[in-house]
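Colleague: Please take a close look at one buried charged pair in this model, and then place it among the other features of the chain.

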Amino acid sequence: MQKSMTGFGKAETEIAGKKFCVEVRSLNSKQLDLSIRMPQAYRSMENDIRAVVSKALVRGKVEVSLSVTTTATETLAHIDNATFKAYVEQIDSALTEADITASHDTVVQLAMKMPNVIQSEVTDASDEEQGAVMAAVEAAVAKIDEFRKQEGAILIADLLRRVDLIEQMRNEIIPFEAARTEAVRQRIREGIEKLGVEVDNNRLEQEMIFYIEKLDITEEKVRLENHCKYFREVANNEEQAGRKLGFIAQEMGREINTTGSKANQHDIQKLVVKMKDELEKIKEQVLNIL
C-alpha cells in the first residue's frame, strides 16, 4: 500500500498532575527532515523520539511538537522577594531623581518585568513522565501513519486513473496514423509535380519509405504502453515507491515527447498535448507519495 507524505496525528495523555499533548505534522520532501519542539526538561528524550518517528514515517518534512500543561495547583515558578524589593527601591529612587511621578502599581509592574524576579526551577522528567510522553508519541505517530495510508490510497487511485487516460489517448492515435502516412506521400508528390521535373518512381518510392520510417511512432507507442503497465505494477505491489513512480513518469514523458516531435499531424498533436497535461498532473501528485 502506498502512503502519502502529507499527514497529521495528535495524541494526549495525563499523568502525575501533568497533561502531555503530542502533535505530528508532515509534508512532502526528498529526504526525512525532522524537527522536534519540546520543553527543556524533556530534551533528554529527543533521540528516542527521533528513533520512533524516523522508523515509522521514513521520509517527509516532519514536525513534532510536545506541549506540557500542569493540572496541579502547585508551580515550580516563584518570585525572588529580595530581588523584587531591590528593583522597587531602585526604580523609586530613579523616578525621584528624574522628578517623575508614577503610581505604586506602575512601579510594581516595572519591577516584575526585570530580570531574575520570577525564577523557574527546571527539573528533569521522571521515568513515569518519560513513559507517558513516549506513549503519546507512539499514538500520534500511529494516527499520522493511518492518515498517510488513507491519503495515499486516494492519490494512487487518481494517478492510475490518469495513466488509464494516457493509454486511452495513445490508442486513439492509431486511426490517424494511416491517414498521416498517405498525407505525407501526397504532399511529396504534389511538391515534385510543382517543380516540374522528372523523377525515377522506384527511387522516389524508396526515399519516401525511408522518410516515412523516420516518422513512424510504433516503437514509442509500444514503450509508452509498457511504461504504463510498469507504473501500475509498481503502484499496486511495491511499498515506498514514490521515487520509482517518478522515474517511470519521466520515461513516459520521453515517449510522449518523441511521439509529438514525429507526429506531423494535427489530430495526433492534440492527443499528445492532452497526454502531456495528464502526465504533468501525475508528476505533481507523485511528489506526495512516500
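Modeller: In this predicted model, arginine 162 and aspartate 158 are both buried. Their side chains meet in a salt bridge, with an N to O distance of 3.1 Å. Both residues belong to helix H4, which covers residues 127–195, and because they are four residues apart there, about one helical turn separates them. For arginine 162 the relative accessible area is 13%, which lies under the 20% limit for a buried residue. Leaving aside residues up to four places away in sequence, arginine 162 touches Glu278, Lys281 and Ile282.

The general background to such a pair is that side chains of opposite charge can pair when their charged atoms come close. The count for the model comes to 25 salt bridges. A second example with the spacing of one helical turn is found in helix H1, where arginine 50 and glutamate 46 are four residues apart. Here the N to O distance between the side chains is 3.2 Å. Arginine 50 has a relative accessibility of 28% and therefore counts as partly exposed, whereas arginine 162 is buried.

A further salt bridge connects two strands. The side chains of lysine 10 and glutamate 23 meet at 3.8 Å, N to O. Since lysine 10 lies in strand S1 and glutamate 23 in strand S2, this pair ties together parts that are 13 residues apart in sequence. Lysine 10 is partly exposed, at 34% relative accessibility, while glutamate 23 is buried, at 18%. Both residues belong to a network in which salt bridges with shared partners join Lys10, Glu12, Lys19, Glu23 and Arg25.

The strands that carry this pair can be described in turn. S1 and S2 are antiparallel and are paired over nine bridges; within this pairing, alanine 11 stands opposite valine 22 of S2. The two strands form a hairpin with two residues between them, and alanine 16, in the turn, has a positive phi of about 50°. S2 also contains cysteine 21 within its range of 18–27, and this cysteine is buried, with a relative accessible area of 11%. Cysteine 228 is buried as well, at 0%. The model has zero disulfides by the distance rule applied.

The hairpin is part of an open sheet of four strands, arranged in the order S1-S2-S4-S3 with mixed pairing. Its edge strands are S1, residues 7–15, and S3, residues 32–37, each of which pairs on one side only. On average, neighbouring strands of the sheet are turned by 10° against each other, direction ignored. S3 runs parallel to strand S4, residues 60–70, and six bridges join the two. Within that pairing, arginine 37 has serine 65 of S4 as its bridge partner. Helix H1, residues 46–57, lies across S2, S3 and S4 and runs at about 145° to S3. The salt bridge between arginine 50 and glutamate 46 thus belongs to a helix that lies across strands of this sheet.

Positive phi values also occur outside the hairpin. As general background, most residues other than glycine have a negative phi. Aspartate 99 is not a glycine, yet its phi is positive, at about 55°. Aspartate 99 is found in the loop between helix H2 (81–97) and helix H3 (104–112), and it counts as exposed, at 71% relative accessibility. Glutamine 240, likewise not a glycine, has a positive phi of about 50°. Its place is in the loop between helix H6 (218–237) and H7; with 46% relative accessibility, glutamine 240 counts as partly exposed.

Helix H7 occupies residues 242–263, and at 1.5 Å a residue its 22 residues should span 32 Å; the end C-alpha atoms are 31 Å apart, which agrees. Its buried residues include Leu245, Ile248, Met252 and Ile256, and a charged residue, Glu255, is also among them. After H7 comes asparagine 264, whose phi is positive, near 55°.

To return to the pair requested: arginine 162 and aspartate 158 are buried, joined by a salt bridge, and placed about one helical turn apart in H4.

Technical notes
Residues numbered from 1 in each chain as written. Predicted model: local features only at pLDDT ≥ 70, side-chain atom pairs only at ≥ 80, totals over all residues. Heavy atoms only, no water. Pairing = 2+ DSSP bridges. Axes fitted to C-alpha atoms, helices over the stretch in contact; angles between N-to-C directions. Contact = heavy atoms within 4.5 Å. Expected span 1.5 Å × (residues − 1). Buried < 20%, exposed > 50% of the residue type's maximum accessible area, 1.4 Å probe, protein only. Disulfide = S-S within 2.5 Å. Salt bridge = Lys/Arg side-chain N within 4 Å of Asp/Glu carboxyl O.
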